[in-house]
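Q: Could you take me through one part of this model up close? I am new to reading structures, so a step-by-step tour would help.

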Amino acid sequence: MLNEVDLSLTTPVIRDEDAVFPGENWFFYWKTSASLWRSKIESMTGSNTLLVPINWSFHSETGDSYDFAQEKPETDLKRLVSIADELGKDIIFLVPMSPCPFLPNGGLPSLLARTPMVDGRGRYKAFVDQDGTLNKMFSFFDPRVYKSYGKFTRELGQYFSQMGISSDVWGMDCGQISLDGFQSTLRDFSPVFQQGFGRFIATKKDELSAQGENDFDGVMTPDQEHRFSQEFLNVIRSVYAESCESGLSGNWEGSLKVGFIGGSDDDFFRRLNQKDRITSYTFDLLESLSLNALPTSLLLPGRLKKGILGRMFNQLVSQSFSEHLFSEHSFEDEGLAHFKPKRFFEVFDLTSDIAPDTVGWADLGLWDYLQKYYSWCYSDQGETPFVWREDSDMDKIFFFHGITMNQKLFHNILKTFMSGGKVILNRSGLSREYQKKLEAFFLENDLDVEKVKVTTTIYNANLGEGRFLIFQGDDLLDLDDKKILEFWHKVLTTFKTNHLMVLPPEGVQVTWRVRGCNTNELTYEEVRRMDIYNPSSYKKKMKFSIPDNFRLLKVVDEEKVTFHHGQKEIEIDFLPEGSLSLDFGVFS
Amino acid sequence: MSLEKSILTIIYGPYQKAGRIEGQEIMSVFNENGLVDETTLDEEYLEVVNHAPGVLEEGAVGPFNDLEVIQKFSFNLCQKLGNHGASLVSLDDYNELLAASYKVEDLKQKLEEKGSFIKNPEAGKSGIFNKIFN
């Protein structure tokens, strides 16, 4: 029997993109006359937040002297902030900490753009902008660049302070989304990088000799080279981050990763032939969100964003991820209508000091499983250090590799478990020291540790709501893909995630968002929104059942779909580029 | 643009192992569909060089003893993918052309003009009649 369902369109109509508003409420102040700022900002609909990247090269050609309204009126950021205030808009400034794909020379003042950036294959690095312009990148490893950067952030900070600009400032780590995850544009293999790396190795050799470690004599093994190269990259990264933080301390909020969709190597060579692959961009958008990188469409032409891609950016990024990232309101605010991404899992992977051929979660088939059954409802934390916080969501399941264990991580994992969190530990590579510490912990707390054989031996301990599961990852390496999926399914279905598992047809993307309940929804624990997108050029059909603890509340943002709803079943016919969202009340 | 008129571009450069140059490798091989996938490169490499590649990722494969082997590989690949021809560009030339280009169209044109071109004699013969009768 077909039910009548509320079919509401909630998404504001997308504004025409132009050079000044290239996407997701980013505002390029240098692309228009200052006399037009007011009318441009007034025309903005949807969000009250403007993301404004600071264009270093626009304020200085040399990196030595700076223009903040002394010469060009378009450099008057105080005027911009005042206009935004009058119009009821908030400005968030983004200061680049790595080369910017959307700016000529990567945003460097022309006198500092000396050494072309080189990728791992020796190719000069460039990005294709939304109008087909090639933006060539220049190395941030040039000492002249990071010295000038220090001056830039100090001058900017002083200007903000003198003008009474209190807008939030975030440091922007620009990057591309690739098979290896988020690749920062800071990464470079140019001659200046090699020279700096050489000096770094010489310093390392002296340090290690002084500590009595004589194994390293300056001739590196490939593993050592990888480790030291990552260490050097992190040292230079911290130089830029610390410059920002100290120069802009009055406004500093932190740093964030920004994923430039359309900026991967594959995209570059395809766009060289003026081809675009929407399915690739939609996938990268979702991948960027799972990597906790703010996705942006700045490199893509406006015509591509009139269809499903634009809807996805609007719904998942502007209205959801961005709002949650920059909003001052907590998720617990009762009046909050914004959905945030739903995350069941937080996955911490190998750190960059570990040899690159070490078995990671990809080798253990975890991503394949999570992608298939949990549709982007996970957060790939990569090598981000795990920090336990009192307000951490203890309903999530945390994944760790034993080989990355150190004192701080060990301490934080135990705190998580004792606070009711769920931990899954791959003990392959776990040192004898931490194995003993774990055993001692279970003994001292009188915890029963169950031992179960599921392909590999699994140890499981419970403490109140907390759960600690340990397995030997190496035992999975000989399994075929099907058996690995079965393993993860057996293990993860023992955790009560309360998830509606659907297997969409190939090419259809499903993602979930969540918000708290308002006063009319108190019978539910939360409201989840299921966003379903068909970015392909084919019709697709999807059918699934609604579990007893899910109640369909409404259907929103229908585009090119036909929706049928029975008592317990949903059936959707998608045309090419069709999409819709379903709101469910969820209770235990 | 029909596939028959499209060009396969190959950027090649020195293959380095433990700091020594030991031949050549293909750094990027792409057509209008983007970088050529690993599986296709692997299969083609095995046919030409008769052993598994030491370098294999999307759009990259190697090593090759010399340019002549790269040319043979490129010709075979071009035929397999049905491209009109292959344009071989050295890494140094690619970097020079990129530095001198302002728009993507400039770079594309320069890569096709300045590269060493190998024509695919089979291009344009894979029309519907060819498919029916073969």
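A: Happy to! This is a predicted model, and a good starting point is the spacing of two domains: the centres of domain 2 and domain 3 of chain A, taken over C-alpha atoms, are 31 Å apart. Chain A is divided into domain 1 (10-184 + 243-326), domain 2 (345-492) and domain 3 (509-586).

Let's now look closely at a sheet in chain A. It is an open sheet of seven strands with mixed pairing, and the order is β12-β11-β13-β14-β17-β16-β15. At its edges are β12 (378-382) and β15 (449-454) of chain A, each of which pairs on one side only. On average, neighbouring strands of this sheet are turned by 20 degrees against each other, direction ignored.

As a bit of background, strands of a sheet pair through backbone hydrogen bonds, either parallel or antiparallel. Follow the edge strand β15(A) to its partner: six bridges join β15(A) to β16(A) (residues 456-463), and the two run antiparallel. Within this pair, Lys453(A) stands opposite Thr457(A) in β16(A).

For a contrast in style, turn to two helices in chain B. The axes of α1(B) (residues 38-49) and α2(B) (residues 67-81) come within 10 Å and cross at roughly 130 degrees. The two helices are therefore oblique to each other, and their crossing is right-handed. Residues that meet here include Tyr45(B) and Val48(B) in α1(B), and Phe73(B) and Leu77(B) in α2(B). By class, this contact has six nonpolar, two polar and four charged residues.

Methods
Residues are numbered from 1 along each chain as its sequence is written. Chains are lettered from A and ligands numbered from 1 in the order in which they are written. This is a predicted model: local features need pLDDT of at least 70, side-chain atom pairs count only at pLDDT 80 or more; totals for chains, interfaces and linings use all residues. Axes are lines fitted to C-alpha atoms, for helices over the stretch in contact, and angles run from 0 to 180 degrees between N-to-C directions. Helices (H or I, at least four residues) and strands (E, at least two) are DSSP runs, numbered from the N terminus. Angles under 35 degrees count as roughly parallel, over 145 as roughly antiparallel, 65 to 115 as roughly perpendicular and the rest as oblique. A crossing is left-handed if the near helix is turned anticlockwise from the far one by less than a right angle, and right-handed if clockwise. Two residues are in contact if their C-beta atoms, placed from the backbone, lie within 7 Å. Ala, Val, Leu, Ile, Met, Phe, Trp, Tyr, Cys and Pro count as nonpolar, Asp, Glu, Lys and Arg as charged, and the others, Gly among them, as polar. Domain bounds come from an automatic or database domain assignment. Two strands pair if DSSP finds at least two bridges between them.
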